Amino acid sequence: MNETSAQIGTAAILLAAGRGERSGHSRPKQYVELCGEPVLRRTIRAFQASPVIDLIQVVIHPDDAELYDAAVAGLPALPAPVPGSETRQGSVLQALEALQPVSPQTVLIHDAARPFVSGELLERVAAGVGPGQGASPAIAVTDTLRRGVGELLTDTVPREQLFTMQTPQAFPYRDILEAHRKAAQIGQDHLTDDAAVFQLFGQKVSRVAGERGNMKLTRPEDFAYAERMIATTMETRTGQGFDVHAFGSGDAVWLCGVQIPFERNLKGHSDADVGLHALTDAIFGALADGDIGSHFPPSDPQWKGTASDVFLRHAMERLAQRGGRLINLDVTLVCEAPKIGPYRDKMRSRIAEICDVDVGRVAVKATTSERLGFTGRGEGIAAMAAVTVALPAEQ
Ligand code: CTP
Ligand code: MG
């Protein structure tokens, strides 16, 4: 074993350079959102969560750089994506060549269009590789198979010993690189999986149990089905937040991301936007992920005077990193003045913009406390917020 192969045991290649022509979507299918998350991002997360994967190499179409950047924003860092090729097989070869400097021992090759791959399957496939031998998930055919000519059905095909193939397929890196190079040299360049390339030169591929859930998104109806699958694995969580800031001398207050001219300001380390602070805490609450003070300690001078949308955006990123999405949010401001009504819709739009959600999911309400207590005496403003989020149930 040389020094580099000792460093990287198992690499994964995620193929995302196709055009998805059968999917019926205007953008390539790996960038289509399922329940608010791009397919590719979901696939990457599944690999990043696996202890058997040391390195992930994504292959993309050169036209998709912007879509790719948006899809991976906020995820743990990945190596720069490799440009793909005209065919799936060509894209794999590009990625295998790009892995040469690290030269892993084993490589798993996976269609990015299969976002439901499980951690168990990754482990099974990786464990199935041996010297000179690959491994692939496969599922025994259970339906009756029959040939057809035009509209007419003809003879039955015995289904014993027939399997449908899935990815990821795993191989010793050096051997699959050689096989792909040789296949390209002899003009065998339209094979639809890597097991076929490997077997072309007499090398063996063993079968491990595939998973029905590990579907490849291919046709339009697959996307609605996939969203239903995700919905059954999501749970709804709620969070609440509360905050108070005292009035000080000034001529405007920040409330829910909107500056309102007023005879006073709100005192605080940041811009003292009590509404956004309560909302940010509500999101941290739904994630059971500390609070605004633990993420942005008031003792840290870097947050002095910070616009509070920075805090809210951070909470939204934490939500996205967990594969979650915001369902709705509701903020209540408690004060005698300033009047909130005239600014309500502006506040809703601003919050919707920061959180990247539809404004119909954002409520801002206001009430006085009937001149009672500190808000009634005009000493400050209080805010409460509630949110619901959808989060993968496994967490
Ligand atoms: N793929 C690739 N490079 C290609 C073709 C395909 O990286 N030149 C990837 C796809 O992005 C996909 C996987 O290989 O993740 C499986 O291919 P397929 O399901 O056929 O995807 P597309 O080729 O994108 O779809 P279509 O055939 O409908 O155009
Ligand atoms: Mg294709």
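## Ligand 1 and its surroundings

In this predicted model, an N or O atom in the side chain of Lys216 lies 2.6 Å from an oxygen atom of ligand 1. The backbone contributes as well: a polar backbone atom of Glu21 is 2.7 Å from an oxygen atom of ligand 1, and a backbone N or O atom of Ala17 is found 3.0 Å from an oxygen atom of the ligand.

These residues belong to a wider set, since ligand 1 is surrounded by 19 residues. The closest of them are Leu15, Gly20, Glu21, Ser91 and Lys216, and two of these names, Glu21 and Lys216, have already appeared above with a distance to a ligand oxygen.

## Helices α4 and α6

Helix α4, which covers residues 88–98, packs with helix α6, residues 173–185, at an angle of about 135°, and the two axes are 10 Å apart. That angle makes α4 oblique to α6, and the crossing in which α4 passes α6 is left-handed.

On the α4 side the contact involves Gln89, Val92, Leu93, Leu96 and Glu97, which meet Tyr173, Ile176, Leu177, His180, Arg181, Ala183 and Ala184 on the α6 side. Sorted by class, the residues of this contact between α4 and α6 are eight nonpolar, two polar and two charged.

## Helices α2 and α3

Helix α2 (residues 39–48) and helix α3 (residues 65–72) have axes 9 Å apart and pack at an angle of about 50°. The two helices are therefore oblique to each other, and α2 passes α3 in a right-handed crossing.

Leu40, Arg41 and Ile44 of α2 make this contact with Tyr68, Ala70, Ala71 and Val72 of α3. The residues involved in the contact of α2 with α3 comprise six nonpolar, no polar and one charged.

## Helices α11 and α12

Towards the later part of the numbering, helix α11 (residues 309–321) and α12 have axes that come within 9 Å and cross at roughly 45°, which makes α11 oblique to α12. The residues that form the contact are Asp309, Leu312, Arg313 and Met316 from α11, together with Arg350, Ile354 and Cys355 from α12. By class, the contact of α11 with α12 divides into four nonpolar, no polar and three charged residues.

## Cis peptide bonds

A cis peptide bond links Thr167 to Pro168, with omega at about 10°. Pro168 sits in the loop that runs between β10 (163–165) and β11 (169–172).

Another cis peptide bond joins Ala337 to Pro338, and here omega is about 0°. Pro338 belongs to the loop between β17 (325–334) and α12 (344–355), and α12 is also the helix whose axis comes within 9 Å of that of α11.

## Cys35 and Arg147

Which residue has a positive phi although it is not a glycine? Cys35 does, with a phi of about 50°, and this residue is found in the loop between β2 (33–34) and β3 (37–38).

Arg147 lies in strand β8, which spans residues 145–149. Although Arg147 and Val157 are 10 residues apart along the chain, their C-alpha atoms are separated by 6.9 Å. When residues up to four places away in sequence are not counted, Arg147 touches Leu152, Leu153, Thr154, Asp155 and Val157, so that Val157 appears both among the contacts of Arg147 and in the C-alpha distance just given.

Key
Residues are numbered from 1 along each chain as its sequence is written. Chains are lettered from A and ligands numbered from 1 in the order in which they are written. This is a predicted model: local features need pLDDT of at least 70, side-chain atom pairs count only at pLDDT 80 or more; totals for chains, interfaces and linings use all residues. Side-chain values use heavy atoms; hydrogens and water are left out. Axes are lines fitted to C-alpha atoms, for helices over the stretch in contact, and angles run from 0 to 180 degrees between N-to-C directions. Helices (H or I, at least four residues) and strands (E, at least two) are DSSP runs, numbered from the N terminus. Angles under 35 degrees count as roughly parallel, over 145 as roughly antiparallel, 65 to 115 as roughly perpendicular and the rest as oblique. A crossing is left-handed if the near helix is turned anticlockwise from the far one by less than a right angle, and right-handed if clockwise. Contact means heavy atoms within 4.5 Å. Ala, Val, Leu, Ile, Met, Phe, Trp, Tyr, Cys and Pro count as nonpolar, Asp, Glu, Lys and Arg as charged, and the others, Gly among them, as polar. A residue is near a molecule or strand if one of its heavy atoms lies within 4 Å of it. A polar contact is a pair of N or O atoms within 3.5 Å; within protein, one must be able to donate a hydrogen and the other to accept it, and residues adjacent in sequence count only if both atoms are side-chain atoms.
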